[in-house]
Structure formats: C-alpha cells, structure tokens
Amino acid sequence: MRAVAVAKPAGEPELMRLPAPEPGPGEVLVKVVAAGLNPLDWKLADAAGRGQAEAVYPLIYGVDFAGKVAALGPGVTRFAEGDAVFGQPKQGAVGAYGTYAEYVIAAEDGVIAHAPAALPLPLAAALPTAGQTAMSLLDAGGVGPGQTLLLVGAAGGVGSFVTQLAAARDVRVVAVTRGVGETEMGALGAAETLDAQEGPPTEQLREAFPDGVEALVDLASGAEQFAEYAMLVADGGVAISTVHSADPQSLAARSVEGVNFVVAPDADLLARLAAEVDAGRATVRLDAQVPLADAPDAVARNRAGRARGKTVILV
Ligand SMILES: NC(=O)c1ccc[n+]([C@@H]2O[C@H](COP(=O)([O-])OP(=O)(O)OC[C@H]3O[C@@H](n4cnc5c(N)ncnc54)[C@H](OP(=O)(O)O)[C@@H]3O)[C@@H](O)[C@H]2O)c1
C-alpha cells in the first residue's frame, strides 16, 4: 500500500510502498479515505527520533482516519464491511499503525465509530483528535450558558471546534488569534476576537472583563504567557493548557484550578462528537485538502504554524 512514513529515526516523512496490515481477532481493517493532520503527528515522530517514545520503522505518520470497513477480524460484531467509520488506530508503538496510509487497523473496542452522516466522509478525518479534545476541554472547563470562555489559539484545529461547540452551548467565546479576524471567528460563533500578534492582549481583556472570565482554554502559549492569561480568570474559575504550560500549584493559591490537559480518546466520546456534527452544532473548518503525496509538505507547513482550521490528507 502507499503510505507516508519515516524510514529511520529523525528522518523526513516520504511517500513509500509498505505491506498492508491484516486484521487480527477483534480488529477492523479500514480502507482509509482520508487522514486528518494534527501537530501530534510530527510531535510523536520527533519524540521517537529523540528516543523518547517506542517506535517502529518505517514509522507511518498519522493518528486520525476516516474510511470504509474493508475486512473484519474474527469475532467483530460492531461493524460490517462497507461501514463508513472514523477514529484512531489500534494502539501500539509510534508509527506501527499510522493513518497516512491506504489501510489501517483499528480495535473494534478502541477509538472507532460510525462516521457522521452530515459530512462528506473525507472531512470526518478532521474530527477525531481535535474534536474529542474540544469536547473534553469543554467538559473540563465546566462553562455553561452566559459564562465567558477565553480561548487562546482559537483559529486552529482544536480551537475551531471549541469555538463552535461552546457557542452552541450559549457560552460567550472570546477568541484570541494571531491575525484571524472577527469575521472568520464570528462565523464559527465567537462573540469577540482579539489579536495577539503584538503579544497577549491582556490590557484590552482586563478592561473588557474587569471581574474576570470563568474559564481559560489556551492551546498555544508557553508558561509565561499562559500565566498572564490565567491572571484574567476569576476566583473559582479554571485555566487549562493543552501544551503543559499551567502551574496548578501557583494557580491554586489564587483559587483558580490549573489543568495541564491530556485528551483520553474513546468510542463514546467519538460517537458524541458525531452526534454534535449531525445535529449541526459543529462542522469542519477546512484549511486545506491535499493528496497523500503532498502530506510531507503539509506537515512542514503545520510545523511552521498559521493553521486555520483543519488539514485533511486525501489517500
Ligand atoms: N494535550 C492534549 O491532549 C492535546 C490534544 C490536542 C492538541 N494538543 C496540542 O494543542 C495545540 C493546538 O492543537 P491544534 O490541533 O489546534 O493545532 P493547530 O491546528 O496547529 O492550531 C494552533 C493555532 O494556534 C495559533 N497560535 C499559535 N500561537 C499563538 C498565540 N501565541 N496566540 C494566539 N494564537 C496562536 C496558530 O496560529 P498562528 O501560528 O498563526 O499564531 C494556530 O491557529 C497543539 O500544540 C497540539 O499538539 C494537545
């Protein structure tokens, strides 16, 4: 099968031909229609290259897929051949079950669900990591109707889902981006959009929210900038980082719950996400669709930043 993989530790991803996997007991073979691109893809490959994660080579990139069930291993009952599915592959060493490939193996009781009917199947590949993260961040943030969520890094993959899902719950989303304006973020449901190109707009935020905001979800800042944003969270509120920038101890001293969030994907979360999409409460903000052969370039672009929604790799 065609796949985009890294031949050796710290190598560059490239298009290559590799043997297709075969499903074992309780496993589903998926003919991949599209893979979703996430920063996690290159972060995992980098960690493996540094010897910080167990890996197999060639290391196939990718953790999100959408496709059709092509074959069933013994004992599988939840899925049938031809089902449209989306999710994440069987767990294993980094690169063993990557999704930038024509076929991938998923565990029937793992992170796989029927794809939402409301989206063209390739776009469902944009959902698993970013969408499950967004759903869980809102659960962790605990914000409800009329409350304010300060969202930093709002224009990227996770941010575009958080914005939509929060707005659908009548949460007031204050989006912080670098150069993505009111029109685009407002279309996703943001109540206000602020620009961080010259640094965190904390003064502006303090004036707009003198009593503070109920929750901060920060998808981008390092520890120092995160601490600045977290100062805007009111007593009893929550400040969450997806990039391990929170210092829970110092935040606790101000009665703010600090969280270094790590998503825990599962099939129920995936099914809830599909239901949100089918109910029209979230859709995919598409940044780019690229063919598999162009995936290495798309990964390089993602490393450089400037993500505007999701990139989907057509396999
Ligand atoms: N902990 C977890 O479980 C978990 C789960 C999912 C994702 N993540 C991590 O969360 C981060 C976001 O993921 P993603 O998929 O949304 O990434 P993404 O699609 O690459 O989007 C990141 C967005 O943040 C913006 N940004 C970067 N620095 C910024 C700043 N200082 N102020 C405002 N915006 C800024 C980027 O635009 P510009 O470059 O133009 O500023 C981009 O729009 C990644 O590091 C990812 O690895 C963690």
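## Exposed turns with a positive phi

A residue counts as exposed when its relative accessible area is over 50%. In this predicted model, A10 has a relative accessibility of 64%, so A10 counts as exposed. You will find A10 in the loop between β1 (2-6) and β2 (13-17). Its backbone deserves a look too: A10 is not a glycine, yet its phi is positive, at about 65°. As background, most residues other than glycine have a negative phi, and most peptide bonds are trans.

H244 makes a good companion to A10. H244 is not a glycine either, and its phi is positive at about 60°. This histidine sits in the loop between β13 (233-241) and α8 (248-252). With 62% relative accessibility, H244 is exposed.

## A cis peptide bond

Which two residues are joined by a cis peptide bond? They are Y57 and P58, and omega is about -5°. P58 belongs to the loop between α1 (39-49) and β4.

## Aromatic rings and a lysine

The model has one aromatic pair. Its members are Y61 and Y100, whose ring centres lie 5.6 Å apart, with 45° between the planes, so the pair counts as tilted. The two tyrosines come from distant parts of the chain, 39 residues apart. Y61 is in the loop between β4 (59-60) and β5 (64-72), while Y100 is in the loop between β6 (84-87) and β7 (103-107).

Are these two tyrosines buried or exposed? Y61 has a relative accessible area of 3% and is buried. Y100, at 0% relative accessibility, is buried as well. Elsewhere, another tyrosine ring has a lysine for company: K31 lies over the face of Y103, at 5.4 Å from the ring centre.

## Helix α3

Helix α3 covers residues 128-141, which makes 14 residues. From its first C-alpha to its last, α3 reaches 20 Å, close to the 20 Å expected at 1.5 Å a residue. Just after α3 comes G142, with a positive phi near 65°.

Why is α3 described as largely enclosed by the rest of the structure? Twelve of its 14 residues are buried, so the helix is largely enclosed. Among those buried residues are P128, T129, A130 and G131 at the start of the list, and L137, L138 and G141 at its end.

## Parallel strands and their crossovers

Strands β9, β10 and β11 are worth tracing one after another. Strand β9 (residues 148-152) pairs with β10 in the parallel sense, over five bridges. One place to pick up this pairing is T148, whose bridge partner in β10 is R172. Together with helix α4 (residues 157-168), β9 and β10 make a right-handed β-α-β unit.

β10 also pairs with strand β11 (residues 192-195), again in the parallel sense, over four bridges. Here the bridge partner of A175 is T193 in β11. Between β10 and β11 the chain passes through helix α5 (residues 182-188), and this β-α-β crossover is right-handed. How many of the six residues of β10 are buried? Five are, and this strand (residues 172-177) is mostly covered.

## The annotated domain

The UniProt record, an unreviewed entry, places the feature "domain: Enoyl reductase (ER)" at residues 11-313. Over residues 11-313, the chain is 29% helix and 27% strand. The end C-alpha atoms of that stretch are 20 Å apart.

Notes. Residues numbered from 1 in each chain as written. Predicted model: local features only at pLDDT ≥ 70, side-chain atom pairs only at ≥ 80, totals over all residues. Heavy atoms only, no water. Phe/Tyr/Trp six-rings, centres within 6.5 Å; stacked < 30°, edge-to-face > 60°. Buried < 20%, exposed > 50% of the residue type's maximum accessible area, 1.4 Å probe, protein only. Lys NZ or Arg CZ within 6 Å of the ring centre and 35° of its normal. Expected span 1.5 Å × (residues − 1). UniProt positions renumbered as here; feature names shortened; annotations may be inferred. Pairing = 2+ DSSP bridges. Right-handed = clockwise from strand over helix to strand, strands pointing away.
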